[in-house]
Amino acid sequence: MRKINTSLIEETIYRMALKAGTNLTPSCLEAMNFACETESGEAARFALETLVDNAHVAITEKLPVCQDTGLAVVLLEIGQEVYLEGQPLKDAVNSGVRRAYADGYFRKSVCDPITRKNTGDNTPAVVHTEIVAGDKIQITFLPKGFGSENMSRLFMLKPAQGVEGIIDAVVETVRLAGSRPCPPVYVGVGIGGTFDVCAYLAKKALTREVGTSNPREDIADIERDALTKINALKIGCQGFHGDVTALGVACEWAPTHIAGLPVAVNVQCHCVRCEKEVL
């Protein structure tokens, strides 16, 4: 049994939140640079180059890479041989978020859904926990902006709709979103499970490196086919009708009931910010 004080988790979240707020992931920046080289539309290419320049300024000046510094989503994979001591886990996570958003001068965007009163410190964070083998904790920090989050959809498909139905749902989601999620987008897809599980899987898919494929070949085929059809929409960067509407499609899956085919599509803007650390 390995003891970990939650103060270590707080400090790690604090550090990760500060970095995520000012940095695109390396795989996202690489995909954006490649898009600049391959984009044939003049206006779309100019927009892509501007976004890449913005990312470099944010890194150099330690400024938020986007004015929407997001709602903090934290995924914790906790080894079953870990004993947590100190303040409650969620309190530690929220303390780290609270401090980082204050010290980084990040916008505080969290509010009551009914009264719309702002909590003032960007907490509470959304925290997902999984118990896994081992004596370590993997922390994933994903600040999720809502221009793209608002474009996300969930489908309860009929099993007979199959792979074609899944791809159609993904492409239709991006088509209806148009320029509103600040494309080129990164698309997370959850397939299977239940109503709630597929939504979680779609969010988890967004924590994968841009450009990676699901290890299951049939799922990877869905990713490739959906990406091809999305880019054929010609929405382009910021809606300027270019070749690159999406940087990638990432799918995660879970077994489901014989009577259902849940599919969730979680849209991420071009501003992919995700940090991972293992304690």
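Gln238 is partly exposed, at a relative accessible area of 29%. Gln238 sits in the loop between α8 and β8, and its phi is positive, about 55°, even though the residue is not a glycine. Keep in mind that this is a predicted model. Below are the backbone oddities, then two helix pairs, then a couple of single residues.

**Backbone oddities**

- As background, most residues other than glycine have a negative phi, and most peptide bonds are trans.
- Gln238 goes against that sign, with phi at about 55°.
- Arg116 is another non-glycine residue with a positive phi, near 65° in this case.
- Arg116 is found in the loop between α4 and β4, and Arg116 is exposed, with a relative accessible area of 55%, so it clears the 50% cut-off for that label.
- Gly178 also takes a positive phi, about 60°, just after α6.
- Where does the chain turn cis next to Pro124? The bond in question runs from Thr123 to Pro124, with omega near 5°.
- Pro124 itself belongs to the loop between α4 and β4 (126-132).
- A cis peptide bond also links Pro183 to Pro184, and omega there is about 15°.
- Pro184 lies in the loop between α6 and β7.

**Helix α6 and its partner α8**

- Helix α6 covers residues 162-177, and its 16 residues should span 22 Å at 1.5 Å a residue; the end C-alpha atoms are 23 Å apart, which agrees.
- The buried residues of α6 are Gly165, Ile166, Ile167, Ala169, Val170, Val171, Thr173, Val174 and Ala177.
- What do those buried residues pack against? They meet β6 (153-157), β7 (185-192), α8 (217-231) and β9 (261-268).
- A helix pair like this comes down to two values: packed helices are described by the angle between their axes and the distance between the axes.
- For α6 and α8, the angle is about 40° and the axes are 9 Å apart.
- That angle is neither under 35 degrees nor in the 65 to 115 range, so α6 and α8 count as oblique to each other.
- The crossing of α6 past α8 is right-handed.
- On the α6 side, the contact is made by Val163, Ile166, Ile167, Val170, Val171 and Val174, while α8 brings Ile222, Asp225, Ala226, Lys229 and Ile230.
- Sorted by class, the α6 contact with α8 has nine nonpolar residues, two charged ones and no polar ones.
- Some names turn up twice: Ile166, Ile167, Val170, Val171 and Val174 are among the buried residues of α6 and also take part in the contact with α8.

**Helix α2 and its partner α3**

- Helix α2 (residues 26-38) has 13 residues and reaches 18 Å from its first C-alpha to its last, close to the 18 Å expected at 1.5 Å a residue.
- Which residues of α2 are buried? Ser27, Cys28, Leu29, Ala31, Met32, Ala35 and Cys36 are.
- These buried residues of α2 pack against α3 (42-61) and β8 (246-254).
- The axes of α2 and α3 come within 9 Å and cross at roughly 150°.
- That angle is over 145 degrees, so α2 is roughly antiparallel to α3.
- The α2 and α3 crossing is left-handed.
- From α2, Leu29, Met32, Asn33, Ala35 and Cys36 meet Arg45, Leu48, Glu49, Leu51, Val52, Ala55 and His56 of α3.
- By class, the contact of α2 with α3 has eight nonpolar, two polar and two charged residues.

**Two single residues worth a look**

- Is Asn94 buried or exposed? Asn94 is buried: its relative accessible area is 12%, and the label needs under 20%.
- Asn94 is in helix α4 (residues 89-103).
- Leaving out residues up to four places away in sequence, Asn94 touches Thr123, Pro124 and Ala125, and the bond from Thr123 to Pro124 is the cis one with omega near 5°.
- Lys3 is found in strand β1 (residues 2-5), and Lys3 is exposed, with a relative accessible area of 58%.
- Neighbours within four places in sequence aside, Lys3 is in contact with Tyr83 and Glu85.
- Lys3 and Glu81 are 78 residues apart in sequence, and their C-alpha atoms are 8.7 Å apart in space.

Notes:
Residues numbered from 1 in each chain as written. Predicted model: local features only at pLDDT ≥ 70, side-chain atom pairs only at ≥ 80, totals over all residues. Heavy atoms only, no water. Helix = DSSP H or I, 4+ residues; strand = E, 2+ residues; numbered from the N terminus. Expected span 1.5 Å × (residues − 1). Buried < 20%, exposed > 50% of the residue type's maximum accessible area, 1.4 Å probe, protein only. Contact = heavy atoms within 4.5 Å. Axes fitted to C-alpha atoms, helices over the stretch in contact; angles between N-to-C directions. Left-handed = near helix turned anticlockwise from the far one by under 90°. Nonpolar A, V, L, I, M, F, W, Y, C, P; charged D, E, K, R; others polar.
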